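The following exercises ask the reader to work through a protein model step by step. Each task is followed by a worked solution.

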Amino acid sequence: MVTSKHTGKRLFVLDSNVLMHDPACLFRFHEHDVYVPMMVLEELDGHKRGNSEIARNTRQASRFIEDVIKGATQEQIKHGLPLPAPITGNFKVGKLFVQTEQLATDIPNILPGNKSDNSILGTALALRKTSSKTDVVLVSKDINMRIKAAALGIPAEDYYNDQVLDDVNLLYTGATALADDFWEKQRKDIKTWHENGRTFYEITHEHVAHWYPNQFIYSTDDSFDAIVREKNGTTARLELLQDFRNARNTRHNVWGVNARNREQNFALNVLMDPDIDFVTLLGQAGSGKTLLTLAAAMNMTLEQKRFSEIIVTRVTIPVGEDIGFLPGTEEEKMTPWMGALMDNLDVLTNSGGAGDWERAATHDLLKNRIKIRSLNFMRGRTFLNKFLIIDEAQNLTSKQMKTLITRAGPGTKVVCLGNVAQIDTPYLTETTSGLTYVVDRFKSWPHGAHITLQRGERSRLADYASEAL
């Protein structure tokens with residue numbers, strides 16, 4: 001039983017899904033105490049087997065708990081064990097309580113059966129009655145669990161530590177527009193010069209302090225599109241972009257693809273930039289994320305020969321009912337999940353006058369240079385001189401994103417694609433998605449770039465459906 005008397009401290013009762021989501025959550029509650037019901041330990045034991053991300057997180061959570069209670073007596077565990085202090089930060093830490101005895105509760109019959117959720121709710125309700133001077137709060141990623149807790153009068157919260165932003169509308173877009181009168185007011189504080197056929201500007205302005213490396217700066221009348229190459233305080237060096245929107249000039253396309261709007265032009269500029277190692281593209285369905293990325297990958301791999309291979313991967317989460325076991329090799333199993341890739345490859349390799357032989361030769365060439373890989377076999381690998389495309393990245397957690405991005409070896413470029421409005425992974429939201437996480441964390445890195453594609457270019461039907469449905 002918990003007998004914490006500290007005024008202002010709270011006792012957080014953890015649901016099992018929180019530990020499975022973030023094994024280090026025990027150390028995220030600052031000065032507050034953490035309580036782990038026995039039923040949670042039972043659920044952890046039931047999910048520890050296998051090679052899935054949940055199984056790995058479950059095993060790690062169990063190891064963290066064991067490290068804290070190792071060598072402690074039952075009486076010490078009953079009265080709480082101090083959690084280790086963080087390496088960074090100066091905030092206080094609370095205690096870890098693990099249930100050591102059956103707690104009396106009088107939960108009414110509105111929660112029938114022996115469901116584990118009901119057992120955890122019963123434990124939380126009993127703690128509220130026995131710890132009258134401590135606020136007991138249930139923490140769960142399960143919205144139905146929080147609803148049931150509210151019905152029983154138990155305060156319940158989601159786990160917010162992995163939430164990158166309070167509102168997804170605050171997410172960095174990668175581009176900012178200049179005021180209409182910017183050039184007139186700042187004419188004296190702007191320098192311009194040409195170097196190696198490129199045009200550069202040096203701007204000193206108070207707004208520069210809020211810019212990021214490789215952020216796009218543009219004027220609303222399309223007369224000026226540039227990228228921030230360097231920034232020092234309120235001074236920034238900008239470089240004019242290449243214009244990939246000129247369909248008449250074949251030198252200004254990428255594998256036969258031209259940009260159809262401003263944001264697509266921004267995307268092609270960073271995708272084709274050898275000094276940028278990490279690119280994130282967000283956008284609604286039909287905005288051109290996959291097509292632009294594949295065009296740049298094929299250009300830089302097959303024409304420029306900067307990369308030896310294109311590797312495409314994505315998380316395999318179905319939208320509808322799972323179709324079950326898929327036979328074949330790793331690549332054959334992944335093929336049904338790569339419909340978008342195949343559709344875009346058809347567009348990029350469609351030669352109007354090509355015969356059967358030319359199409360077969362092109363298909364064989366691409367098959368040898370484009371590899372489809374499963375996320376399940378990424379741990380421990382190192383990719384050298386590869387163009388790595390992570391599709392549907394909004395369905396990955398921050399830890400999965402870290403696992404994938406850290407596979408990049410020398411000469412590798414990583415591109416993450418996704419739409420945070422279409423998340424299929426349980427317990428992930430727009431503000432906790434791994435894609436949101438990396439966009440926010442990489443925005444200050446001089447070798448990373450991000451752009452949010454604003455408009456769909458698939459068809460007028462698709463555009464209307466995105467807005468009206």
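A crossing of two helices is left-handed if the near helix is turned anticlockwise from the far one by less than a right angle, and right-handed if it is turned clockwise. The model examined here is a predicted one.

**Exercise 1. Describe the protein chain as a whole.**

Solution.
- Step 1. The secondary structure of the protein chain consists of 15 helices and 18 strands.
- Step 2. Of the 469 residues in the protein chain, 48% are buried.
- Step 3. Among the contacts with a separation of 6 or more, 68% are between residues 24 or more positions apart.
- Step 4. The protein chain has an accessible surface of about 24500 Å², and carbon and sulfur atoms hold 49% of it.

**Exercise 2. Determine how helices H8 and H9 are arranged, and which residues make their contact.**

Solution.
- Step 1. Locate the helices: H8 covers residues 262–271 and H9 covers residues 289–303.
- Step 2. Their axes lie 10 Å apart, and the packing angle is about 30°.
- Step 3. Angles under 35 degrees count as roughly parallel. H8 and H9 are therefore roughly parallel to each other.
- Step 4. By the definition given at the start, the crossing of H8 over H9 is right-handed.
- Step 5. On the H8 side, the contact is made by Gln264, Ala267, Leu268 and Leu271. On the H9 side, Leu292, Thr293, Ala296 and Met300 take part.

**Exercise 3. Trace the pairing of strands E10, E11 and E12, and find the residues with a positive phi in the two hairpins.**

Solution.
- Step 1. Strands of a sheet pair through backbone hydrogen bonds, either parallel or antiparallel.
- Step 2. E10 (residues 216–218) and E11 (residues 225–232) run antiparallel and are joined by three bridges. Within this pair, Ile217 stands opposite Ala226 of E11.
- Step 3. Six residues lie between the strands in the hairpin of E10 and E11, where Asp222 has a positive phi near 65°.
- Step 4. E11 is also joined to E12 (residues 235–240), by six bridges and in the antiparallel sense. Here Ile227 has Glu239 in E12 as its bridge partner.
- Step 5. The hairpin of E11 and E12 has two residues between the strands, and Gly233 takes the positive phi, near 65°.

**Exercise 4. Two asparagines have a positive phi although they are not glycines. State where each is found, and decide whether it is buried, partly exposed or exposed.**

Solution.
- Step 1. Asn196 has a phi of about 55°, and its place is the loop between strand E8 (190–195) and strand E9 (198–204).
- Step 2. The relative accessible area of Asn196 is 75%. The cut-off for an exposed residue is over 50%, so Asn196 is exposed.
- Step 3. Asn385 also has a phi of about 55°, and its place is the loop between strand E15 (370–372) and strand E16 (386–391).
- Step 4. For Asn385 the relative accessible area is 36%. Because a buried residue has under 20% and an exposed one over 50%, Asn385 is partly exposed.

**Exercise 5. Give the strand order of the open sheet that contains E15, and describe how H8 packs on this sheet.**

Solution.
- Step 1. The sheet has six strands in the order E15-E14-E16-E17-E13-E18, with parallel pairing.
- Step 2. E15 and E18 (448–453) are the edge strands, each of which pairs on one side only.
- Step 3. From one strand to the next, the twist averages 15°.
- Step 4. One of the pairs is E14 (residues 309–314) with E15, parallel over three bridges. In this pair, Lys371 in E15 is the bridge partner of Ile311.
- Step 5. H8 packs on the sheet and touches E13 (278–283), E17 (413–418) and E18. The direction of H8 makes about 160° with that of E18.

**Exercise 6. Describe the crossing of H13 and H14, then the surroundings of Gln400.**

Solution.
- Step 1. The axes of H13 (residues 398–405) and H14 (residues 434–442) come within 8 Å and cross at roughly 65°. This crossing of H13 and H14 is right-handed.
- Step 2. H13 contributes Ser398, Met401 and Ile405 to the contact, while H14 contributes Gly434, Leu435, Tyr437, Val438 and Phe442.
- Step 3. Gln400 is found in H13. Its C-alpha atom is separated by 7.4 Å from that of Gly434, which is 34 residues apart from Gln400 along the chain.
- Step 4. With neighbours within four places in sequence left aside, Gln400 is in contact with Glu53 and Asn395.

Conventions:
Residues are numbered from 1 along each chain as its sequence is written. This is a predicted model: local features need pLDDT of at least 70, side-chain atom pairs count only at pLDDT 80 or more; totals for chains, interfaces and linings use all residues. Side-chain values use heavy atoms; hydrogens and water are left out. Helices (H or I, at least four residues) and strands (E, at least two) are DSSP runs, numbered from the N terminus. Buried means under 20% relative accessible area, exposed over 50%, partly exposed in between (1.4 Å probe, protein chains only). Contact means heavy atoms within 4.5 Å. Accessible areas come from the Shrake-Rupley method with a 1.4 Å probe; for residues, only the protein chains shown count as cover. Two strands pair if DSSP finds at least two bridges between them. Axes are lines fitted to C-alpha atoms, for helices over the stretch in contact, and angles run from 0 to 180 degrees between N-to-C directions. Angles under 35 degrees count as roughly parallel, over 145 as roughly antiparallel, 65 to 115 as roughly perpendicular and the rest as oblique.
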